[in-house]
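Subject: Structure handover

Hi there,

Here is the structure I promised to pass on to you. Please open it alongside this message, and my notes follow below.

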Amino acid sequence: MKATATAPANIAFIKYWGRKDHKLFLPLTTTNSMNLSACTAETVIEFGVSGGDTITITDNTGNSKEINNVPGEKDGMLYTTLDRVRQRTGVSDYAQVTSKLSFPMGAGIASSAAGMAAFVAAAYAAAGDMDTVNDREELSREIRLSGSVSAARSSHDGFTEHLYGETHEKAYTVQIAPAEHWDLVDLVAVLSPEEKKISSALGHSLADSSPFMQARLDYLNGKPELARQAILDKDFASLALLSEIDTINMHAVMMTSRPPAFYLSPASIDIMKNVISWREDQGLNVFYTFDAGPNPHVITTAAEAESVRKLLEKHSEVQFVLENHPADGVRITSHG
Ligand code: PMV
């Protein structure tokens, strides 16, 4: 009754923000992304312990925290997910969960995608339900139900897409291309961490209060398909344009919700302007994208990664740079 799973975080090109259904966590659009090799979680789950469920997360610097059961937040969803796995598999025991991140916990790097994907896969494997683990589409639905569409994208290898669907059955992840398809590099420039005032869990429920939400959705019509094609064609310029516009539109929605969610910092904006100049004035293949946080994800090609990394490291606000290549999705590394 014990299993270990690993999963990567991912960076979205067409982002998920706001939901059609807050219980089923159905996104309002198809959303696509690339798995990240340097931002991973390894989760061990063992059923059969006494006294209650316990969940502990440790990072690569040795920081450790116990996760509390906070209803409505992602932390609480971990406990709800254990209940769902027990109910679906007939296991009645409590679970001990330990999760290790490959990157620092407090640095504002979205860890939930890696953590949730590894958590759900390890839980089903530990409960002996390998059918759910091996059916990647079904696994992606289960990961989405744990509260994170971004995590659901990590169910498949390489470049993936969570499809828009009106129902639970119709919203699931498919692969666009394997990791070896295109050696894009995501350089995450980690800025000074600031505590998020509005979690992404809350942000999704505020999105509808922005007067620009509908405008973003109207604009998005047909864009996930264009981004998918740009990935298949390895068309850097098209992916850059689609992705930069999408991230700015998403942040416009975030900043105009009630209450507003300001995730970008002055340094984020400064790096955006630098990236545009590196592309337009220096001719580098480079574009920026941001999740619900201040750290720029600077996408470039393997050939230009070293030059772009050096430029980022020169910025006074950049603490360190994490270099990611396309990676495989969730894996069970042991069970029994
Ligand atoms: O899936 P969540 O709840 O972690 O939300 C992800 C939100 C963004 O990172 C901002 C966008 C995305 O699609 O990854």
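What volume does the largest cavity have? It comes to about 40 Å³. Please keep in mind throughout that this is a predicted model.

**The cavity**

A search of the whole structure turns up 1 cavity of 30 Å³ or more. Its lining consists of Ile14, Arg216, Tyr219, Leu220, Lys223, Leu242, Ile245, Asp246 and Asn249. Two helices, H7 (213-220) and H9 (236-255), each contribute at least two residues to that lining, and H9 gives the most, with 4 residues. Sorted by class, the lining of the largest cavity has 5 nonpolar, 1 polar and 3 charged residues.

**The ligand site**

The ligand is where I would start looking. There are 15 residues around it, and the ones that come nearest are Tyr16, Lys74, Ser150, Arg153 and His204. Which of these has a side-chain N or O atom 2.8 Å from an oxygen atom of the ligand? That is arginine 153. The backbone takes part in the picture as well: an N or O atom of the tyrosine 16 backbone sits 2.9 Å from a ligand oxygen, and a backbone N or O atom of valine 149 is 3.2 Å from an oxygen atom of the ligand. On its own the ligand would expose 380 Å², of which the protein buries 96%.

Helix H5 (149-153) and helix H6 (200-206) are the elements that give two or more residues to the shell around the ligand. H5 supplies the largest share, 3 residues. In terms of domains, the shell takes at least three residues from each of domain 1 (2-180) and domain 2 (184-324). Its make-up by class is 6 nonpolar, 5 polar and 4 charged residues.

**Another pocket**

You may also want to look at the second largest pocket, which has a volume of about 310 Å³. Its lining counts 17 residues, and those that lie nearest its centre are Glu194, Glu195, Phe262, Tyr263 and Leu264. By class, this lining divides into 9 nonpolar, 3 polar and 5 charged residues.

**Two backbone details**

Most residues other than glycine have a negative phi, and most peptide bonds are trans. Two places in this model are worth viewing with that in mind.

Where is the cis peptide bond with omega near -10°? It runs from arginine 258 to proline 259. Proline 259 belongs to the loop between H9 and helix H10 (266-280); H9 is also the helix that gives the most to the lining of the largest cavity.

The other place is phenylalanine 25, which has a positive phi of about 55° although it is not a glycine. You will find phenylalanine 25 in the loop between strand E2 (19-21) and strand E3 (26-27).

That is the tour from my side. Do write back once you have had a look around, and I will be glad to talk it through.

Best wishes

Conventions. Residues numbered from 1 in each chain as written. Predicted model: local features only at pLDDT ≥ 70, side-chain atom pairs only at ≥ 80, totals over all residues. Heavy atoms only, no water. Near = heavy atom within 4 Å. Polar contact = N/O pair within 3.5 Å; in protein donor to acceptor, adjacent residues only side chain to side chain. Areas by Shrake-Rupley, 256 points an atom, 1.4 Å probe, with all protein chains shown as cover. Nonpolar A, V, L, I, M, F, W, Y, C, P; charged D, E, K, R; others polar. Domains from an automatic or database assignment. 1 Å grid on protein atoms, 1.4 Å probe; cavity = no way out; pocket = protein on both sides within 12 Å on 5 of 7 lines; lining within 4 Å. Points joined across faces, edges and corners; volume = space filled by probe spheres on them.
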